[in-house]
Amino acid sequence: MDALLDGLDHLIAKKRAIKQATMQQLLTGQARLPGFGGKWEVKQLGDHLTFLKNGVNSRAELSYSEDVRYLHYGDIHGSSRVELNPANVEMPCLPRAKASRLDRLQNGDLIFADASEDMDGVGKSVEIQNATGIELVSGLHTIAIRFDKSVLADGFKAYIQFIPKFRAHLRQLAAGTKVYATNRTHIASVELRLPGIREQQAISALLSDMDAEIAALATRRAKTRALKQAMMQELLTGRTRLVIPDAKPVGEVAAQTEGRKANVHFLRSVLAAEIIDQLHDQPTFGHVKFEKMMFLAEHLCQVDTGSTYRRKAAGPYDNRALRSIDSQLQKQQWFEARKQEGRYQYVPLAKRGGHKPYFERHFSGVGETLEKILSAFKTAKTEQCEIVATLLAAWSDLLREKGAVSDEMIVHEVLHNWHEAKQRILEDRWLMALGWMREKGFVPKGATLP
């Protein structure tokens, strides 16, 4: 079953790479679909759009009732698709009285998130589809736009977020330090070279088919993982037993178990050395960020290193494991943790890189996932790493306890059942980070992606 999952992961990655290359070609006019020719026309978006009135209501004002559905910016960041079908998405609702002055969204409306934790999320949008008969409004930190359909075709407008010139324009104007902001003026000022409506429809149909194929593979992968989890549960609880024809003597098994316990601390230092090797020269990297990267690597790669993480102020945190790792790193002459300029930094020692053969032998199966994690957080500030690690820990705990959870439950767990220091970070940042985590696939075992 592991081989099947690996094969599906490889196939999905391949299909996504093909789709990315196809978008790059078709959305810029570098390649044309059969039957289309002629020059593309330059359009300034602001001349062909209407901004819709959105709400500014907090999560506390919403409920899961039968009132007007409310599209929050977290729903945009959390979506893995470029279109949004409100009939298939569970959404909170706004009381009808509070929604009375807000514009109702229609099929083809494009909704942007106006804030993002990182540059990758700048310009993220969804196009509304199949909303006929459903009352839906755009909410907090969103920009709702209705484009002239003679300029931008339904279906195609969902993909303008991937046009290189569009992305570059918004990123250049994005303001902020902890959060990057986009506004209506930024979008209205974009000039794009666009094909005719028929060509737009053909491009969007092709890209939509590719999206559907990837989504089908992702669903198959999720079902396979769920089946594996169910089988493991049966075996680990003893409800189902395997037949072992040649059992080893009890003493030999005990000796092997002790050997594995002794080994796990060394292997933990090998994983740590790989993380430090890739990140130690970053100005944001120190003891605290390293601890968060270890936590994320262990949980997202599903690697057991014997660490026990606590709900501390800067948690998840395991001080004993951290001291053990530092000791092993120095013993092997790979890295040394030194306090410099008021914080601990990792300094390479004579045998830096000596961990590589052990990493390839014991962690090659998680190398791709680890690379994805380290790439996503390479330049991230320590607080952003803390937010994601804390959410992942709380999310995992709630899944074990309750089986199914909402974003509100996760954030409540962090702000009220963790450490009061977490309350220094605003609720919206936690919710935004959850959307970003789903988009990246950084979710706990057992969680489902949209």
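**Exercise 1. Decide whether asparagine 130 is buried, partly exposed or exposed, and place it in the fold.**

*Solution.* Asparagine 130 has a relative accessible area of 49%, so it counts as partly exposed. The cut-off matters here: exposed means over 50% and buried under 20%, with partly exposed in between. Please keep in mind that this is a predicted model. Next, locate the residue: asparagine 130 sits in the loop between β8 and β9. Finally, look at its backbone: phi is near 55°, a positive value in a residue other than glycine.

**Exercise 2. Work out which strands stand at the edges of the sheet that contains β8, and what that leaves them without.**

*Solution.* Start with the strand order, which is β2-β10-β6-β8-β4 in an open sheet of five strands with mixed pairing. The edges are β2 (49-52) and β4 (83-84); each has a single partner strand, so one side of each lacks a neighbour in the sheet. Now follow β4 inward: two bridges join it to strand β8 (residues 125-128), and the two run parallel. For a landmark, find leucine 84, which stands opposite isoleucine 128 in β8.

**Exercise 3. Trace the sheet that contains β9 and say in which sense β9 pairs with β3.**

*Solution.* This open sheet has three strands in the order β5-β3-β9, again with mixed pairing. Its edge strands are β5 (93-94) and β9 (136-138), each pairing on one side only. Strand β3 (residues 68-71) pairs with β9 in the parallel sense, over three bridges. To check the register, look at arginine 69, which stands opposite leucine 136 in β9.

**Exercise 4. Walk from glutamine 333 into the hairpin and find the positive phi values on the way.**

*Solution.* Glutamine 333 lies in the loop between α8 and β13 (335-340). Its phi is near 65°, a positive value in a residue other than glycine. With 33% relative accessibility, glutamine 333 counts as partly exposed. Moving on, β13 pairs with strand β14 (residues 343-348) in the antiparallel sense, over six bridges. Within that pairing, phenylalanine 335 has proline 348 of β14 as its bridge partner. The two strands form a hairpin with two residues between them, and glutamate 341 in the turn has a positive phi of about 55°.

**Exercise 5. Classify the crossing of α7 and α8, then describe the contact.**

*Solution.* Begin with the geometry: the axes of helix α7 (residues 287-300) and helix α8 (residues 319-331) come within 11 Å and cross at roughly 100°. Angles of 65 to 115 degrees count as roughly perpendicular, and that is the class of α7 against α8. On the α7 side the contact involves His287, Phe290, Glu291 and Met294, which meet Leu322, Ile325 and Asp326 in α8. Sorted by class, the contact has four nonpolar, one polar and two charged residues.

**Exercise 6. Do the same for α11 and α13, then find out where leucine 391 makes its contacts.**

*Solution.* The axes of helix α11 (residues 382-402) and helix α13 (residues 427-440) come within 10 Å and cross at roughly 75°. This crossing makes α11 roughly perpendicular to α13. Residues of α11 in the contact include Ile387, Leu391 and Trp395, while those of α13 include Trp430, Leu434 and Met437. By class, the contact divides into 10 nonpolar, two polar and three charged residues. Leaving aside its neighbours within four places in sequence, leucine 391 is in contact with Ile410, Val414, Trp430, Ala433, Leu434 and Met437.

**Exercise 7. Identify the largest nonpolar core and the element that gives the largest share of it.**

*Solution.* The largest nonpolar core has 58 residues. Those with the most contacts inside it are Ile275, Phe290, Met293, Leu296, Phe377, Leu391 and Met437. Elements giving two or more residues to this core include α6 (250-279), α9 (356-363), α10 (367-377) and α12 (407-416). The largest share, 11 residues, comes from α11. A second, separate core of 31 residues includes Phe147, Leu152, Phe156 and Met210.

**Exercise 8. Find how far apart the C-alpha atoms of glutamine 201 and alanine 153 are.**

*Solution.* First place glutamine 201: it lies in helix α5 (residues 197-236). Its relative accessibility is 41%, so glutamine 201 counts as partly exposed. Although glutamine 201 and alanine 153 are 48 residues apart along the chain, their C-alpha atoms are separated by 6.4 Å.

Terms used:
Residues are numbered from 1 along each chain as its sequence is written. This is a predicted model: local features need pLDDT of at least 70, side-chain atom pairs count only at pLDDT 80 or more; totals for chains, interfaces and linings use all residues. Side-chain values use heavy atoms; hydrogens and water are left out. Axes are lines fitted to C-alpha atoms, for helices over the stretch in contact, and angles run from 0 to 180 degrees between N-to-C directions. Helices (H or I, at least four residues) and strands (E, at least two) are DSSP runs, numbered from the N terminus. Angles under 35 degrees count as roughly parallel, over 145 as roughly antiparallel, 65 to 115 as roughly perpendicular and the rest as oblique. Contact means heavy atoms within 4.5 Å. Ala, Val, Leu, Ile, Met, Phe, Trp, Tyr, Cys and Pro count as nonpolar, Asp, Glu, Lys and Arg as charged, and the others, Gly among them, as polar. Buried means under 20% relative accessible area, exposed over 50%, partly exposed in between (1.4 Å probe, protein chains only). Two strands pair if DSSP finds at least two bridges between them. A nonpolar core is a set of buried Ala, Val, Leu, Ile, Met, Phe, Trp, Tyr and Cys residues joined through side-chain atoms within 4.5 Å.
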